[in-house]
Amino acid sequence: MPPIPSRWKGKCQNSTSSPFPCNRKLIGAQTFTKGVQAAGKTDSLDDSPRDFVGPGTHTSSTAAGNHVPGASQFGFAKGTARGIAPRAHVAMDKVSSGTYIADSDILAAMDQAIADGVDIMSLSLGSEQTPYFQDIIAIVSLSAIEKGIVVVCAAGNDGGPNSTHNAAPWITTVGAGTLIEVSLRQDTPLYYGKGNPNKKLCNNGALNESEVFGKVVICDCDNSNRLSIFYQAEELARVRALAGIFMADRTPFGVDGLSIPSLVLPTSSGALTRKYAIGAADEAEPAPQVAEFSSKGPDPINPNILKPDIIAPGDQVLAAFSPLREIIGTGSNYALTSDYALLPGTSMSAPHVAGVAALLKAVHPEWSPAAIRSALMTTADTIDNNGTTLTNQVTDLPGTPLDYGAGHINPNKTMNPGLIYDIDWQGYVDFLCSLGYNDKEMRAILRKSQWNCSQEGTDLNYPSFVAIFSQNASSPIVKNFTRVVTNVGDDQSIYQATAETTHGMSVRVEPATLTFTNKYQKQSFAVSVQMDGKAPPVAYGYLKWIDQNNHVVSSPVVVLNF
């Protein structure tokens with residue numbers, strides 16, 4: 001690990017119950033639980049920053065954990081674990097020892113992180129959706145952005161539409177995608193006795209040890225009821241199979257006493273299970289998909305800003321876990337613990353993005369938080385492993401940017417996005433001025449007594465576009481946007497605009513060509529989004545700037561027809 005930066009002001013807080021030292025990886029650890037204790041919402045007077053619950057360890061190791069060979073949860077997903085930015089330093093602040101979190105503790109922890117000198121702030125927590133001036137995470141995040149700190153937050157696990165959390169436009173809001181499943185056959189081969197009725201049934205004496213030793217064996221249901229699961233399990237044990245998958249329309253009493261590790265599935269699942277075992281699937285399962293639980297847009301506080309911004313791996317993510325908390329309970333007598341755990345949630349996806357942001361900050365230390373988010377968004381993938389649009393895990397139907405934002409993160413592409421959409425502090429102030437907040441509300445969100453509302457346009461220079469229309473016949477059917485892009489690619493670059501749209505909308509860009517002669521040169525353009533009279537409630541497309549060096553700077557354009 002590299003030395004601790006000289007500018008670092010954080011500390012590892014020793015406690016009376018569980019002291020521990022810092023090191024070059026963990027350079028800060030503090031506890032902020034006075035608010036929850038004052039509210040009487042906890043019986044614990046825990047003063048230790050140690051993670052006794054698990055998610056804090058999980059998220060931190062996802063973002064910046066070092067290489068650990070042989071990591072797994074009880075043998076599942078076994079391999080070398082590492083975080084996205086394994087050479088990054090970590091500071092962990094604990095704001096809860098249970099389920100209740102006080103806003104005052106979040107405020108104290110985030111303010112301390114700013115004062116300590118962090119570069120990236122990752123929050124895998126949230127609260128009810130409220131206006132920005134009442135949202136403590138939004139308030140302190142804006143203070144962090146003013147200091148050049150990237151703030152990455154989980155979008156929430158509410159699943160349905162209009163459910164995004166942590167969606168202020170200065171926050172990078174992250175939804176969850178599923179992972180590409182690795183076939184069990186790589187480490188634990190499956191066996192199915194295709195072509196032999198007795199082997200398919202796992203009949204007594206039918207299997208050969210040379211064929212099934214160390215494998216997971218699939219056994220069909222015996223419709224004659226002469227061969228029970230118990231006899232099938234004995235046959236598998238005889239030939240030293242690793243485990244069994246048994247088909248049955250009902251689970252017999254005493255199945256927990258089988259002689260071999262087993263899974264009992266309904267016969268209705270048999271066809272798909274057998275198909276998978278014999279490798280007859282025509283194509284891979286679609287991945288990534290938008291996770292079922294991932295909160296989706298439009299944002300309930302401000303639907304004019306597309307949220308989530310992006311999705312990242314967040315379903316059954318393997319990362320470090322507190323060995324002090326059980327992962328699986330096996331009854332009243334035993335609790336299984338592990339140093340690593342597979343967990344789902346946007347809490348797991350946010351630290352992936354935080355880790356990539358840390359890498360970007362190392363490569364481009366001069367980039368603002370908005371520039372880093374722009375690079376994440378404009379290089380994201382919207383196509384899955386089957387070459388089709390990202391789908392929804394619930395329906396298996398194509399999703400929209402309301403589900404996945406700009407797309408699924410592609411870390412390698414973020415390093416060289418070509419163009420960025422930057423936003424400075426005044427840009428956010430002007431955005432807030434456009435919301436009609438009164439002086440008290442502006443003071444609350446800005447944490448300042450003085451500010452200046454620019455007389456220029458209030459169009460936030462965001463890397464995505466949302467055009468909201470009314471079905472009222474007298475309402476406008478065109479919405480105009482202005483944007484400014486900064487060249488961070490080659491000095492001599494010519495970008496051509498390409499608009500990809502679906503039914504119900506059209507997009508026009510002026511000018512359609514942007515010519516750059518220097519790095520960091522800025523160019524402005526206008527976008528006009530028009531809705532057709534027969535537009536569906538949601539239509540979407542993409543504005544892509546493409547140059548001669550194969551940079552593709554992609555922005556989602558969403559039409560909401562209420």
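**Two helices and a threonine**

Biologist: In helix α14 (residues 439-446), which residues are buried?

Modeller: Happy to help! Helices here are DSSP runs of H or I with at least four residues, strands are E runs of at least two, and both are numbered from the N terminus. Buried means under 20% relative accessible area, with a 1.4 Å probe and protein chains only. In α14, the buried residues are Met442, Ile445 and Leu446.

Biologist: What arc do they cover around the axis of α14?

Modeller: First, a caveat: this is a predicted model, where local features need pLDDT of at least 70, side-chain atom pairs count only at pLDDT 80 or more, and totals for chains, interfaces and linings use all residues. Residues are numbered from 1 along each chain as its sequence is written, and side-chain values use heavy atoms, leaving out hydrogens and water. The arc is taken from the directions from the helix axis to the C-beta atoms. The three residues sit on the same side of α14, because their arc is only 90°.

Biologist: At the start of α14, which residue's side-chain oxygen reaches the backbone nitrogen of Lys440?

Modeller: A polar contact is a pair of N or O atoms within 3.5 Å; within protein, one must be able to donate a hydrogen and the other to accept it, and residues adjacent in sequence count only if both atoms are side-chain atoms. Here the oxygen comes to within 3.1 Å of that nitrogen, and its owner is Asn438.

Biologist: Where do the buried residues of α7 fall, seen down its axis?

Modeller: Helix α7 (residues 229-238) has Ile229, Gln232, Ala233, Glu235 and Leu236 as its buried residues. They line one face of the helix, because they fall within an arc of 155°.

Note on methods. Buried < 20%, exposed > 50% of the residue type's maximum accessible area, 1.4 Å probe, protein only.
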